[in-house]
Each structure stands twice: as C-alpha cells, then as structure tokens.
Amino acid sequence: MNAPLHFGKVALRGSVVTGISQGVRVGLQFLSVVILARLLVPEDFGLVAAVGPIVAFVGLFQNLGLQQAVVQRMEITDAQLNRMFWIMAAVGLACTTVVVLISPAVAWFYGDPRMRGITILAGLPLLLGSMAGLPLSLLNRHLRFGQLALIDMANALVGFLAAAASAYLGMGYWSLLVGSAASAAVSLAVGWWWSHWTPGRPDFAIDRDIMSFGANLTGFNLVNFFSRNLDNILIGKFSGAVELGFYDRAYKLLLFPIQNIIAPLSRVMIPLLARVQNDKARFRDLYLQIVWVLSFVTVPGVAALVCTSEQVVTILFGEKWQAVAPIFAWLGLAGLVQAAGNTTGWVFMCQGKTKTMFQWGVYAAATTIAAFVIGLPWGAVGVAAAYAISTYALRIPVLTWLMHRVGPVSAYDFLMAQFLYVFSSLATWAIFNFFPDAFVRSSNLVTVILVTALSYLLAGLITLAVPEPRRVAFVIGKKVIGAIR
C-alpha cells in the first residue's frame with residue numbers, strides 16, 4: 001500500500017469534491033425540510049422521529065467497525081474481505097431482525113399501533129447499509145473520492161425525490177421512510193457497481209486482529225452515543241420541554257455544523273493517513289497541515305459567533321429566542337476546540353489504536369455525563385456551562401497526553417494547533433468588549449460581520465507571526481496553485 005504520487009494534490013482534490021458533495025447534501029436537506037413541511041403535517045415528522053433514537057442505537061452495531069478496518073489495514077486479502085462482507089451482512093440482518101422483533105414493544109411504549117409498521121420499515125436501511133459497507137469501503141480505500149461524492153449526492157437526491165413524490169401522492173409519514181430506504185438502496189446499488197468486487201462463498205471465520213479493531217471502535221461509538229444524547233434526556237426530564245427547545249436550537253446552530261465538517265473530511269483523511277501510517281514524519285506533517293487549516297477555518301468563526309451571540313440569535317430566531325444566547329455562548333467556548341479535538345480519532349484509527357480510542361471514549365463519556373449532572377440544577381445554561389468548563393479542565397489535558405503517548409503528534413503539536421487561534425479569539429473578545437462602539441451598529445447583521453472580520457484578521461496576523469502555521473499556509477497555497485494548474 002504505497003503512498004501515491006502528488007499526495008498533497010490527492011488530499012486537496014479529495015477535500016474539495018467531498019466538500020462540494022456535502023454542500024449539495026445540505027442544500028437538498030434544506031429543500032427537503034421546506035417542501036416536505038408543506039406536504040406533510042407535524043405529526044408525520046413526530047411519528048418517524050420517535051423511532052429515530054431506537055434505530056440509531058441498534059445501528060451502532062451495524063458493521064462492527066469493519067468498514068473502517070478495510071480502509072485502515074496496510075495489507076488485506078480477498079479472503080479477509082470476503083469474511084468481513086459476510087460478517088457485516090449477517091450483523092446487518094441481525095440488527096434489522098432486532099428492530100422488527102422490538103417493534104411491538106415500541107408501539108406499546110408509545111401507545112400507538114402505527115409505530116409497529118414505522119419501526120419495521122425504519123430498520124430496513126440497516127440491512128441495506130451493511131451490504132453496501134464493504135464496496136463503499138473499498139472505494140474509500142482506493143481513494144476514489146469523486147465516485148463516493150457522486151454516490152452521496154445521488155442517494156440524497158433520490159431519497160428527497162422519493163420522499164417528496166410519496167408525500168405528494170398522500171402516503172403521509174410513510175413517505176419519510178420511503179425516502180430513507182430509497183437513499184440506502186442507491187448507495188448499495190451504485191457502490192456495488194463501481195467497486196467491481198463480488199463476494200465468494202459465505203465464510204464467517206473471525207480474524208481476531210481485525211475484529212478487535214472493530215470491537216473497540218464500536219465500543220467507542222457506543223459510549224459516545226450515550227454521552228451525546230444524555231444531555232437532551234436530562235434537560236427534557238428535569239427542566240422541561242421549553243428549556244430543551246432552547247438548548248436544542250443552540251446545539252444545532254453551533255456544534256452540529258462543526259460535526260458535519262469533520263464527517264466528510266474524515267472520509268478523505270483516514271485512507272490518506274492510513275497509507276502513511278508507517279512513515280511517522282509524513283503522518284505527523286499531513287495531520288498537522290489539515291488540523292492547522294481546520295482550526296483557522298472554524299475557530300475565528302466560532303469566536304465571532306460567541307462574541308455576538310445575542311445578535312446572532314436575534315437575526316436567526318427573533319427576540320423571543322433570546323434565552324438561547326447564553327447557552328449558545330457556553331457551547332461556543334467548547335466549540336473553539338471541538339473541530340480539532342474531533343480529528344484525534346484519525347490518529348488512533350489510522351495507527352490501529354482503537355483500544356486506546358475506546359478507553360478515551362469511556363473517560364470522555366464519564367466526565368461529560370458528570371458535567372451534565374452537575375450543571376443540571378441551573379437548567380440548560382448550567383448544562384452547557386458545565387460541559388464547556390469540563391472540556392478544558394478534564395478532557396483536553398487527558399486527550400493531549402494520549403496523543404503524545406500514541407504519537408507521532410506531540411503534546412506541543414496538538415496544543416499549538418488547538419490553542420493558537422483560541423488566543424486570537426480571546427483578543428477578539430477583548431477588543432469587542434472594551435471598544436463596543438466600534439462594532440455595535442443599529443443592524444445586528446453589520447455587527448456580526450464586523451466582529452467576524454476582526455476575528456479572522458487577528459487569526460491571519462497570528463498565522464503570519466508564528467512559524468508553523470505560516471509554513472502550513474505557504475504549503476497549502478502552493479498545493480492550491482498546483483491543483484488549479
């Protein structure tokens with residue numbers, strides 16, 4: 001598995017096409033929200049949303065982490081691929097069967113017989129996704145980012161059209177499920193067509209090394225799932241639906257977009273880093289280049305939003321949603337290091353350190369849940385504040401130590417990439433608060449634009465002043481010019 005020529009161009013072009021694909025998907029999702037809202041009633045969305053967490057939880061076991069194992073392995077045989085396919089298919093079938101079996105219990109829990117059929121159909125994409133897992137992983141392993149981007153756009157488009165057509169024909173809540181199934185079917189069909197791979201006879205022999213890799217990764221995803229969802233459950237239970245509504249808007253406005261940047265970027269970076277996992281100097285250099293760029297793109301923007309949280313909330317939601325602003329600001333403090341912090345999974349996965357990743361996940365989940373509980377007496381603001389404070393006090397120090405221990409990224413490398421733009425963000429906050437007359441205008445939008453410009457200006461100046469980010473900026477600039485040519 002040798003590193004390809006023009007490696008930097010492959011990374012850049014892969015990021016560009018994946019970014020375009022993600023942009024198209026977001027656009028189609030927005031269009032879907034608007035159009036389906038006119039064709040369906042709120043109850044339709046509520047019925048389908050009610051089974052979402054249940055199916056999502058079962059789906060954590062869908063591929064047992066074997067998709068990532070296909071991408072990460074330096075060498076992999078046809079026999080191993082065949083075993084992995086059949087294991088994934090069997091697990092996907094088992095997951096779908098579990099969803100079917102629990103569907104009567106789901107209907108009983110909600111006191112609505114319609115939930116049985118909804119749950120059953122919602123489980124179908126689990127089987128389709130498991131069967132598509134290996135061909136899509138092979139495309140990713142072979143760096144065929146353009147084809148993967150087209151598959152993503154195609155399944156988003158077909159899913160949207162299927163849902164819209166079904167809704168137009170009066171199928172109600174079933175249309176949302178039809179859209180999901182159609183989307184999964186497109187990924188399955190096109191992935192198989194483009195991968196040019198066919199399975200052999202069923203073989204369920206277990207490769208312990210590969211299964212250990214996948215099991216630890218699945219364990220990480222499991223504990224991460226609980227910590228990511230428990231805040232909503234606790235706030236909804238003890239603070240009420242109104243507080244949860246404020247928290248949900250703040251979370252989705254800030255942290256959800258950051259996570260949506262990491263997901264498509266991971267598709268590009270994991271196979272590229274896996275190819276150079278034995279060349280530690282190159283691994284470190286490639287990882288840090290991406291993290292520096294990611295930090296520059298995200299941190300100043302998040303900082304500007306935190307500084308102008310009241311103006312941002314007023315612009316997007318209106319005055320009646322001002323209770324979102326302090327929640328948004330606290331989550332924003334955590335968001336300053338969220339993007340770079342989320343990339344650490346690449347380092348663990350690409351070097352086969354999923355056991356360490358799982359151990360980190362258990363610690364991170366435990367400290368996150370403890371923070372939620374501690375902050376709960378102060379409502380949604382308290383939960384957000386406790387989460388932000390615990391991020392800096394408890395999780396970042398331990399994650400930095402783990403990164404240094406695993407290598408080749410040192411603690412100094414990681415902290416510099418994490419916190420350099422945090423310092424420029426503090427400068428943005430200080431200037432905005434000490435000289436508010438220079439920024440606050442009658443138009444909230446103008447205020448946000450001015451503070452955003454200041455934040456990126458300070459980030460740009462610190463980039464030019466510090467050797468490492470300055471070097472990365474010049475390297476990326478040369479790659480962009482080379483790709484254009």
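With which residues is tyrosine 287 in contact, leaving aside its neighbours within four places in sequence? In this predicted model, tyrosine 287 touches Leu273, Ala340, Thr343, Thr344, Trp346, Val347, Met403, Val409 and Phe414, its neighbours within four places in sequence being left aside. Tyr287 also belongs to the largest nonpolar core, a set of 116 residues, and is listed with Leu134, Tyr247, Met269 and Leu331 as having the most contacts inside that core. Helix α9 (residues 241–275) supplies the largest share of this core, namely 15 residues. A second core, separate from the largest one, consists of eight residues, among them Leu128, Ala132, Leu139 and Ile151. In soluble globular proteins, nonpolar side chains tend to be buried together.

The confidence of the prediction was considered next. The protein has a mean pLDDT of 87, with 96% of its residues at 70 or more. Over residues 1–5, pLDDT stays under 50, and the model has 13 contacts beyond four places in sequence for this segment. Where pLDDT is low, the predicted coordinates should not be read in detail.

Two of the helices were examined for their span. Helix α10 (residues 280–307) comprises 28 residues, and the distance from its first C-alpha to its last is 39 Å, close to the 40 Å expected at 1.5 Å a residue. A bend of about 25° occurs in α10 at serine 295. Helix α12 (residues 324–335) contains twelve residues, for which a span of 16 Å is expected at 1.5 Å a residue; the C-alpha atoms at its ends lie 16 Å apart, in agreement with that value. Because nine of its twelve residues are buried, α12 is largely enclosed by the rest of the structure. The buried residues of α12 are Val324, Ala325, Ile327, Phe328, Ala329, Leu331, Gly332, Ala334 and Gly335. One of these, Leu331, is also among the residues with the most contacts inside the largest nonpolar core.

Another of the buried residues of α12, Ala334, is in contact with threonine 391, as are Val337, Ile396 and Pro397, when the neighbours of threonine 391 within four places in sequence are left aside. Threonine 391 is placed in helix α16 and counts as buried, at 8% relative accessibility. Its C-alpha is 9.2 Å from that of glutamine 338, although 53 residues separate the two in sequence.

Helix α5 (residues 114–141) includes serine 130, and isoleucine 118 lies in α5 as well. Serine 130 has a relative accessible area of 0% and is therefore buried. Beyond four places in sequence, serine 130 contacts Gln62, Asn63, Met88 and Gly92. Isoleucine 118, at 0% relative accessibility, likewise counts as buried. Its contacts, again leaving aside neighbours within four places in sequence, are Leu47, Val48, Val51, Tyr173, Trp174 and Leu177. Of these contacts, valine 51 is 67 residues away from isoleucine 118 in sequence and 7.8 Å away in space, C-alpha to C-alpha.

Aromatic rings form 19 pairs in the structure. In one of them, the ring centres of phenylalanine 225 and phenylalanine 226 are 6.0 Å apart and the ring planes meet at 80°, so the arrangement is edge-to-face. Phenylalanine 225 is buried, with a relative accessible area of 17%, whereas phenylalanine 226, at 44% relative accessibility, counts as partly exposed. Through ring pairs, Phe225 and Phe226 are joined with Phe57 and Phe61 into a cluster.

Several loops show notable features of the backbone. Leucine 64, in the loop between α2 (42–59) and α3 (66–72), has a positive phi of about 55° although it is not a glycine. Leucine 64 counts as partly exposed, at 23% relative accessibility. A positive phi, near 55°, is also found at histidine 196, a residue other than glycine. The loop between α7 (174–195) and α8 (208–238) holds histidine 196, which counts as exposed at 67% relative accessibility. A cis peptide bond runs from glycine 407 to proline 408, with omega near -5°. Proline 408 is located in the loop between α16 (379–406) and α17 (411–434).

Technical notes:
Residues are numbered from 1 along each chain as its sequence is written. Side-chain values use heavy atoms; hydrogens and water are left out. Helices (H or I, at least four residues) and strands (E, at least two) are DSSP runs, numbered from the N terminus. Buried means under 20% relative accessible area, exposed over 50%, partly exposed in between (1.4 Å probe, protein chains only). Contact means heavy atoms within 4.5 Å. pLDDT is the predictor's confidence in each residue, from 0 to 100. Rings of Phe, Tyr and Trp (its six-membered ring) pair if their centres lie within 6.5 Å; planes under 30 degrees apart count as stacked, over 60 as edge-to-face and the rest as tilted. A nonpolar core is a set of buried Ala, Val, Leu, Ile, Met, Phe, Trp, Tyr and Cys residues joined through side-chain atoms within 4.5 Å. The expected span of a helix is 1.5 Å times one less than its number of residues. The bend at a residue is the angle between axes fitted to the seven residues ending there and the seven starting there.
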